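New to this one? Let's go through it together, one feature at a time.

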Amino acid sequence: MRSTEGKSSIVFLAVTSRIWQSSSALERWARATGARRPPPVLAGAAATVTVLMLLPVVYLLVRAAESGFTGLATVLQPRTLRVLGNSALLTAVVTLAAAVVAVPLAWLTVRTDLPARRLWSVLTALPLTIPSYVGAFALIAFFGPRGMLQEWLAPFGVQRLPEIYGFVGAAYALTLFTYPYLLLTVRAGLLRLDPALEEVARSLGESRRRVFWRVTLPSLRPAIAAGALLVALYVLSDFGAVSLLRFTSFTRAIYLSYQSSFDRSLAAWLSLLLVLFTILILIAEQHTQTQARYYRQGMGVSRRPQPIRLGRWRWPALAFCATVVGLALVAPVSVVLVWLVRGVRAGNTLHLAALERAALHTALAAGLAALTTVVAALPVAYLAVRYPGRLTGLAERAAYVGHGLPGIVVALSLVFFGANYATSLYQTLPMLVFAYGVLFLPQALGVLRSNLMQNSPRLEEAARSLGLRPIGAWWRVTLPLLRPGMLAGAALVFLTTAKELPATLLLAPTGFDTLATRIWSAATEGFFARAAAPSLILLIVSGLSLFLLLSQEESV
Amino acid sequence: MNVSLVLAHLPSRPMGTSLPSSADGEWSLELREVSKQFKDVGAARRVSFRLRKGQLLALLGPSGCGKTTTLRLIAGFEEPDTGEILIGGRLVAGPGVFVPPERRRVGMVFQEYALFPHLNVLDNVRFGLRHYAGDAVKRVREVLELVGLSGLEKRMPHELSGGQQQRVALARALAPEPDLILLDEPFSNLDAALRVRVRAEVRTILKEAEATAVFVTHDQEEALSLVDQVAVMMEGIVHQVGSPREVYYQPATRAVAAFVGDSNFLPGIGHGRWVECELGRLDTQVEVWGPVEVLIRPENIDVRPASQASGCRVRQVTFFGHDQLIGLDLRQRLHLDARTGPAYQFFPGQPVEIRILGPVMAYPRAS
């Protein structure tokens with residue numbers, strides 16, 4: 001055992017030194033092409049961050065490679081194939097179902113005279129803010145055994161309800177809480193669509209219905225594909241909903257094999273397979289992006305087309321919107337509120353002190369994550385914006401790796417790494433914060449990047465020509481201008497971290513329970529009332545983060 | 001056809017002596033064979049010119065010709081591959097020497113002004129005065145008065161008009177009393193009506209401040225009307241340095257002639273101080289031999305209505321109000337553009353007679 005660990009650490013060192021070399025290769029390349037050379041401190045900081053971001057994936061590879069053929073044999077068994085099938089099926093069904101819900105909703109809220117159209121467009125997007133495990137908890141608390149429906153129906157002699165656990169429950173929950181991704185992209189696509197296209201089709205003798213099928217829908221294909229990708233990635237990486245609803249997709253299988261713990265290389269191999277699956281879907285996205293170029297519409301279309309009159313179709317349309325909002329938003333929130341009231345009535349179940357401690361823990365972990373993430377994102381964003389090149393682009397993309405990685409994979413890799421190489425860090429707050437950093441650095445990076453793009457490099461040059469050294473120019477001009485972006489990025493990371501479940505579950509120090517882990521343990525054990533209060537807090541936090549995200553996008 | 005020659009626009013000095021010798025004074029800026037290579041566009045190749053204290057120079061050329069690169073080399077934002085740059089007689093870039101921008105005492109006005117958006121007018125202008133020996137606030141007021149913006153100290157940049165932002169940028173560059181002011185396409189962000197006025201104002205301000213300045217521009221009218229010296233750059237090479245009048249009437253190369261002003265080129269044979277061409281014998285400003293291309297500016301062609309017998313006819317008339325452009329067909333073979341005052345009214349097909357005013361320029365032609 002010891003010797004294999006030694007071997008793997010050599011592999012790890014080789015990989016990292018390779019990346020270090022490439023950062024000096026960057027400088028050589030920059031000099032050869034006459035591009036400006038980044039200051040060594042900046043390049044070093046950015047390279048360090050990039051290497052750290054890559055650590056979980058690299059270590060997972062090392063770990064899997066180490067187990068070699070025996071590891072491969074354990075993973076190549078019918079059970080794994082079943083997990084693969086489960087994940088593929090769930091992803092496909094949820095994506096399709098989300099499209100069936102989202103496309104009509106988008107069309108209704110953008111192009112028709114639906115009554116209270118603006119209100120509906122806000123309400124239909126709001127389920128985005130419900131963390132999937134909170135949604136799943138609400139579902140179980142309503143439909144599950146000992147749930148509300150069961151209680152109501154018991155007097156009528158109903159002993160058993162149809163099973164909520166398994167595929168149907170998972171697909172239902174994930175569809176309801178992921179369709180807004182598709183809705184938002186399709187809405188944006190519809191708003192960008194040049195009405196002249198449809199008018200030309202009408203003038204060429206096509207009916208309105210045929211125009212929709214022959215012009216509108218094909219033009220929306222890139223938007224639908226982009227939204228479907230978001231949904232598919234979410235489903236694939238979701239841990240909370242599938243685990244609570246006991247559907248063995250990849251993330252749950254990884255968690256289970258990690259918990260059974262006698263063979264952890266299986267968990268590593270499963271994680272790698274999941275990453276591979278994610279990469280396949282990302283490649284598919286690249287494909288749709290190249291296609292999208294053919295469909296791109298003219299910019300700056302300000303003319304809005306005449307809204308389509310729904311006539312008597314107004315009522316079914318309204319009923320459709322109300323049903324979706326009812327199931328995806330009103331029902332879960334009501335269930336949470338009902339259990340909260342029940343808990344308060346029962347008195348002792350609220351566990352106010354424990355709740356307060358969990359909230360404090362959440363705030364502490366999320367606050368540290370926000371701080372470190374923004375500080376780490378700064379050099380990467382700065383390098384990518386001010387010294388663009390092939391290698392800086394590569395570094396930036398590497399820093400985005402956490403964006404596509406399921407939280408459970410990052411967490412698991414760090415558990416292995418911590419247990420083997422950093423025992424003093426294992427199950428400590430710094431390790432947890434590091435995992436958050438890997439997962440959410442891309443969010444901070446995105447905000448900082450767009451902020452930096454808005455500030456012309458001429459500003460720093462002006463400061464230099466007025467007698468300031470580079471560091472002075474940075475301090476007196478760049479940093480003050482970046483402050484709003486840093487605050488927004490930190491807030492975004494804070495709010496996202498507060499909701500995070502799988503990494504928190506695996507990496508939090510013993511006894512360090514957060515709001516998310518409290519919901520998780522209460523829901524798995526069936527203490528619905530205990531999960532209600534933290535759920536409500538997280539719903540509010542979540543709503544805030546959506547608000548922040550939207551206001552950021554508007555300002556860009 | 002009656003082609004007669006009238007001497008006009010005689011140049012004040014013969015070509016090649018546009019730069020006074022270094023004996024008669026101090027140079028504020030000197031570039032010696034400065035080169036900077038780039039992968040795509042904007043390289044500078046062995047750029048040399050120098051500028052006397054208190055003079056304004058324009059780097060004129062089409063986009064991508066390397067003029068902005070040259071400016072950034074002077075400012076210190078780029079490091080030259082080879083060559084030397086001297087500011088106020090001090091070597092700031094050369095073999096083994098590179099003075100960073102903050103120690104060059106060079107003021108820069110950027111195309112997009114680059115006013116610090118988080119600072120008000122006062123703090124923007126005061127930005128470079130941290131080590132100012134005297135009263136910094138008094139200096140700010142002085143410069144703001146010079147640019148005509150007194151009373152706007154507390155405004156934020158976004159509360160100013162384009163012309164005002166431009167003057168704040170100029171004031172900020174002038175405040176630390178730099179040895180040299182660099183202006184990168186300073187008027188291109190202003191609308192056409194404002195541009196002419198601001199241009200004149202900036203010239204007055206710079207002259208009043210006795211500043212030495214280098215402009216970058218692709219607008220020949222701007223270059224010719226604004227500065228004392230014009231350096232014409234094309235594809236990284238300085239083709240000519242001279243007064244606006246020299247650059248216009250004695251372009252050093254055919255490329256400069258084609259870029260600065262409108263031009264007619266016609267083939268001819270040089271015989272020393274005159275050429276033989278389609279228009280007959282024309283005197284030249286310089287000695288030329290063998291196959292040449294003759295440059296004739298449209299406004300140097302005088303057009304008059306003629307009898308039916310003339311071999312020259314009007315092809316097209318474009319009327320601008322203050323003048324008109326007459327397209328001419330010469331014996332069906334040769335097209336010329338002439339620019340005349342609006343007095344005569346011409347019609348397509350009308351026979352005219354033309355004469356060429358003044359000696360012409362001619363450039364060797366690859367046969």
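What follows is a chat between a learner and a teacher about a predicted model.

Q: Where do I start? How many helices and strands does chain A have?
A: Start with the helices and strands. Chain A has 23 helices and zero strands. Chain B, on the other hand, has eight helices and 20 strands.

Q: How much of each chain is buried?
A: The idea here is to look at how much of each residue is covered; under 20% relative accessible area counts as buried. In chain A, buried residues make up 53% of the 556 residues. In chain B, 53% of the 367 residues count as buried.

Q: And what about the surface that is left over? How much of it belongs to carbon and sulfur atoms?
A: For chain A, the accessible surface comes to about 25800 Å², and 66% of that belongs to carbon and sulfur atoms. Chain B exposes about 16400 Å², with carbon and sulfur supplying 50%.

Q: What can contacts tell me about how a chain folds back on itself?
A: Look at how far apart in sequence the touching residues are. Take contacts in chain A between residues at least 6 apart in sequence: 83% of them join residues at least 24 apart. With the same kind of count in chain B, 65% join residues at least 24 apart.

Q: What are the dimensions of chain B, and where do its charges sit?
A: The C-alpha trace of chain B spans about 75 × 45 × 40 Å along its principal axes. As for charges, chain B has 42 positive and 43 negative side chains, and the centres of those two sets lie 1 Å apart.

Q: Now the aromatic rings. How many aromatic pairs are there over all chains?
A: There are 23 aromatic pairs over all chains. To read one, check the distance between ring centres and the angle between planes. Y59(A) and Y421(A) make an edge-to-face pair, 5.7 Å centre to centre with 85° between the planes. This pair links distant parts of the chain: Y59(A) is in helix α2 and Y421(A) in helix α17, 362 residues apart.

Q: Are those two tyrosines buried or partly exposed?
A: One of each. Y59(A) counts as buried, at 3% relative accessibility, while Y421(A) is partly exposed at 31%.

Q: Why is the pair of F137(A) and F528(A) called tilted?
A: Angles under 30 degrees count as stacked and those over 60 as edge-to-face, with the rest tilted. The planes of F137(A) and F528(A) are at 50°, so this pair is tilted, with centres 6.1 Å apart. F137(A) lies in helix α5 and F528(A) in helix α23, so the pair ties together parts that are 391 residues apart in sequence. F137(A) is buried, with a relative accessible area of 0%, and F528(A) is buried too, at 5%.

Q: Which residues do ring pairs link into a cluster?
A: Ring pairs can chain up. Here they link F239(A), Y255(A), Y258(A) and W520(A) into a cluster.

Q: Where does a charged side chain sit over a ring?
A: Look for an arginine end above a ring face. In chain A, R342(A) lies over the face of W339(A), 4.5 Å from the ring centre. In chain B, the charged end of R172(B) sits over the ring of F116(B), 4.7 Å from its centre.

Q: Why is helix α11 of chain A said to be largely enclosed?
A: Count its buried residues. Eight of the eleven residues in α11 of chain A are buried, so the helix is largely enclosed by the rest of the structure. Among the buried ones are F250(A), R252(A), Y255(A) and Y258(A).

Q: Can we finish with single residues? What does R264(A) touch?
A: For a single residue, ask where it lies, how covered it is and what it touches. R264(A) is in helix α12 of chain A and is partly exposed, with a relative accessible area of 24%. Leaving out residues up to four places away in sequence, R264(A) touches R63(A), Y258(A), V415(A) and F416(A).

Q: And A365(A): which helix is it in, and is it buried or exposed?
A: A365(A) is in helix α14 of chain A, and it is buried, at 1% relative accessible area. Its contacts, again not counting residues up to four places away, include L429(A), Y436(A) and F512(A). The C-alpha atoms of A365(A) and I140(A) are 28 Å apart, with their positions 225 residues apart along the chain.

Note on methods. Residues numbered from 1 in each chain as written. Chains lettered and ligands numbered in written order. Predicted model: local features only at pLDDT ≥ 70, side-chain atom pairs only at ≥ 80, totals over all residues. Heavy atoms only, no water. Phe/Tyr/Trp six-rings, centres within 6.5 Å; stacked < 30°, edge-to-face > 60°. Helix = DSSP H or I, 4+ residues; strand = E, 2+ residues; numbered from the N terminus. Buried < 20%, exposed > 50% of the residue type's maximum accessible area, 1.4 Å probe, protein only. Lys NZ or Arg CZ within 6 Å of the ring centre and 35° of its normal. Contact = heavy atoms within 4.5 Å. Areas by Shrake-Rupley, 256 points an atom, 1.4 Å probe, with all protein chains shown as cover. Lys, Arg positive; Asp, Glu negative; His and termini not counted. Charge placed at Lys NZ, Arg CZ, Asp CG, Glu CD.
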